[in-house]
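Biologist: Could you walk me through this model and tell me what stands behind each label you use?

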Amino acid sequence: MADSDEDESLISCTFCSDKLALNQALRLLIAPCGHTICEPCCGSAFRANKTLECRGCKKQAGADGETFIFKKEDLVPSDGDDPRVKREMRVRSRVCGIFNRQEADFEQQGKPKKEALAEFYQYLENVEGMIQKLVNREDVERIEAELTEHENANRDVIYRNQALKRIREGALGAAPLPWQIGPASPKWVQKAEKE
């Protein structure tokens, strides 16, 4: 897809092709795939169906390709902001919520500080590369599989780091439980130690 075609799909409705530039009152909603749909099309389309097939994805994939199917709850209002920025923020939030290891996680592995820091920076580079590929819709299936695999394999560390983030941001409002801030270890190890 050419850049101009992508820009066009982000400032116009992929269903009726009404352009934001021509109609300033037009309110666009952003689908999880990054394409946009205007509120009138959204209202009429969801009256008849519970889910919609994205026409922008369908146009990109051709007749035989896979398309993206979404629900009304999946749509995010653009609120006049650039839909490309909103899409990147949504992707970045999701990926960083899963790949959320901190510098201290690398230092706890018993490596020299310099080596741990270099490994942490490489980790950040890899995360940023994944974000950019998802935003640009490159190699999406492989990255989605990698996200799912990482989330399943590191669930305890992810939850611990999310709790630490809430504590740092002051959003928790109550004292954290010891398991929320202690070093993460698999549940079966904790049970074996108690026996």
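Modeller: Happy to; the model is predicted, and we can take the cysteines, the salt bridges, the sheet and the cores in turn.

Biologist: Let's start with the cysteines. Why is Cys-16 said to be in no disulfide?

Modeller: The nearest cysteine sulfur, that of Cys-41, is 3.6 Å away. A disulfide needs the two sulfur atoms within 2.5 Å, so this pair does not count. A search of the whole structure finds 0 disulfides.

Biologist: What makes Cys-54 buried?

Modeller: Its relative accessibility is 1%. Buried means under 20%, so Cys-54 qualifies. Cys-16, at 39%, counts as partly exposed because that value falls between 20% and 50%.

Biologist: On to charges. How do you know that Glu-144 forms a salt bridge with Arg-94?

Modeller: Their closest N and O atoms are 2.5 Å apart. The cut-off is 4 Å, so the pair counts as a salt bridge. Glu-144 sits in helix α7 and Arg-94 in helix α4, 50 residues apart. The structure holds 9 salt bridges.

Biologist: And why is the pair of Glu-103 and Lys-113 called a salt bridge?

Modeller: There the closest N and O atoms are 3.7 Å apart, and 3.7 Å is within 4 Å, so the label applies. Glu-103 lies in helix α5 and Lys-113 in helix α6, so the pair ties together parts that are 10 residues apart in sequence. Lys-113 also forms a salt bridge with Glu-107, with the closest N and O atoms 2.7 Å apart.

Biologist: What makes Lys-113 exposed?

Modeller: Its relative accessible area is 53%. Exposed means over 50%, so Lys-113 meets that condition. Glu-107, at 33%, is partly exposed.

Biologist: Now the sheet. Why are β2 and β5 called edge strands?

Modeller: The open sheet has the order β2-β1-β5, with antiparallel pairing. β2 and β5 each pair on one side only.

Biologist: How do you know that β1 and β5 pair?

Modeller: They share 2 bridges. Pairing takes at least two, so β1 and β5 count as paired. In β5, Val-76 is the bridge partner of Ile-30. Helix α2 lies across β1 and β2, running at about 85° to β2.

Biologist: Last one: which element gives the most to the largest nonpolar core?

Modeller: That is α2, with 4 residues. The core has 18 residues, and Leu-75 is one of those touching the most other members. Among the contacts of Leu-75 are Leu-29, Cys-42 and Phe-46. A second, separate core of 16 residues includes Val-91 and Phe-120.

Notes:
Residues are numbered from 1 along each chain as its sequence is written. This is a predicted model: local features need pLDDT of at least 70, side-chain atom pairs count only at pLDDT 80 or more; totals for chains, interfaces and linings use all residues. Side-chain values use heavy atoms; hydrogens and water are left out. A nonpolar core is a set of buried Ala, Val, Leu, Ile, Met, Phe, Trp, Tyr and Cys residues joined through side-chain atoms within 4.5 Å. Buried means under 20% relative accessible area, exposed over 50%, partly exposed in between (1.4 Å probe, protein chains only). Contact means heavy atoms within 4.5 Å. Axes are lines fitted to C-alpha atoms, for helices over the stretch in contact, and angles run from 0 to 180 degrees between N-to-C directions. A salt bridge is a side-chain nitrogen of Lys or Arg within 4 Å of a carboxyl oxygen of Asp or Glu. Lists of a residue's contacts leave out its neighbours within four places in sequence.
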